[in-house]
Amino acid sequence: MKRLKLSAFVLLAALLILGTAPTTVSAAPKLNKTTKTMVKGNKYTLRIKGIKASNIKKVTYKTSKKGVVKVRKTSKRAATITAKKKGSVTVKAVVYTRKKVRGKKKFTLKCKVKVKSLKAE
C-alpha cells in the first residue's frame, strides 16, 4: 500500500512538472513580401504569415516616409499600402505575440517599397 501511494505521488509530481513547462510556437512571423515595386496610385495588401491569428496580440504598421506611401491596417494580419508619389520607403510591421516564439514576443518585419511614377506616352 505504501509503495502504491509513493508511485502515485511520483507520477502526479512528474505530470505537474511537465504540464507547467512553457509552451513555445516554432514558426516565426514573416511578411508575404520583403520588397515590392509599385506604380503611383496602386494598392497592395501586405500580409503576415507563419503565425496563427490567435497568437498575435497586437500589430502596428509604420512607414519611413508618409508622403510616399500610405499604410492602413485592414485586419490583425494584413495592411493595405497605397502608393502616393515616387520614392523609396521601408514599411515596418511590429508584431507582438501572446506566447514566446523562438524566445521572443516582439518581431519587427520590414518590406522595402519602391514607387514609380506612371510615364505619359
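Which residues form the positive surface patch? The points below take that up, along with the rest of the fold.

1. **The patch.** The model is a predicted one. Its positive surface patch consists of Lys57, Lys58, Lys73, Lys76, Arg98, Lys100 and Lys105. Two strands, strand 4 (56-63) and strand 7 (87-101), each contribute at least two of the patch residues.

2. **Overall fold.** The chain has one helix and eight strands. In sequence order the pattern is α-β-β-β-β-β-β-β-β. The chain has 121 residues, and 26% of them count as buried. The exposed area is about 8,900 Å², with 57% of it supplied by carbon and sulfur atoms. Take the contacts between residues at least 6 apart in sequence: 56% of these join residues at least 24 apart.

3. **Lys57.** This patch member sits in strand 4. Its relative accessible area is 56%, so Lys57 counts as exposed.

4. **Lys58.** Lys58 is also in strand 4 and also belongs to the patch. Lys58 is partly exposed, because its relative accessible area is 48%. Beyond its neighbours within four places in sequence, Lys58 contacts Val94, Val95 and Tyr96. Tyr96 is 38 residues away from Lys58 along the chain, yet their C-alpha atoms are 5.1 Å apart.

5. **Lys106.** Which residues does Lys106 touch, not counting those up to four places away in sequence? They are Val94, Val95 and Tyr96. Lys58 is in contact with these three residues too. Lys106 is found in strand 8. With 46% relative accessibility, Lys106 is classed as partly exposed. The C-alpha atoms of Lys106 and Tyr96 are separated by 4.6 Å, with their positions 10 residues apart along the chain.

6. **Lys73.** Here the patch reaches strand 5 (residues 69-75), where Lys73 lies. Lys73 has a relative accessible area of 44%, so it is partly exposed. Leaving aside neighbours within four places in sequence, its contacts are Val59, Tyr61, Ala78 and Ala79. For Lys73 and Tyr61, the C-alpha separation is 7.1 Å, and the two are 12 residues apart along the chain.

7. **Thr80.** Is Thr80 buried or exposed? Thr80 is buried, because its relative accessible area of 11% falls under the 20% cut-off. The residue belongs to strand 6 (residues 78-83). Setting aside neighbours within four places in sequence, Thr80 contacts Lys43, Tyr44, Thr45, Lys70, Val71, Arg72 and Thr74.

8. **Arg102.** A backbone angle deserves a check here. Most residues other than glycine have a negative phi. Arg102 is not a glycine, yet its phi is positive, at about 55°. Where is Arg102 placed? Arg102 is in the loop between strand 7 and strand 8 (104-116). Its relative accessibility is 63%, so Arg102 counts as exposed.

9. **Recap.** Strands 4 and 7 each bring at least two residues to the positive patch. Among the patch members, Lys57 is exposed, while Lys58 and Lys73 are partly exposed. Thr80 in strand 6 is buried. Arg102 has the positive phi and is in the loop between strands 7 and 8.

Key. Residues numbered from 1 in each chain as written. Predicted model: local features only at pLDDT ≥ 70, side-chain atom pairs only at ≥ 80, totals over all residues. Heavy atoms only, no water. Patch = residues over 30% accessible without salt bridge, like charges linked within 9 Å, V, L, I, M, F, W, Y side chains within 5 Å. Areas by Shrake-Rupley, 256 points an atom, 1.4 Å probe, with all protein chains shown as cover. Salt bridge = Lys/Arg side-chain N within 4 Å of Asp/Glu carboxyl O. Lys, Arg positive; Asp, Glu negative; His and termini not counted. Charge placed at Lys NZ, Arg CZ, Asp CG, Glu CD. Helix = DSSP H or I, 4+ residues; strand = E, 2+ residues; numbered from the N terminus. Buried < 20%, exposed > 50% of the residue type's maximum accessible area, 1.4 Å probe, protein only. Contact = heavy atoms within 4.5 Å.
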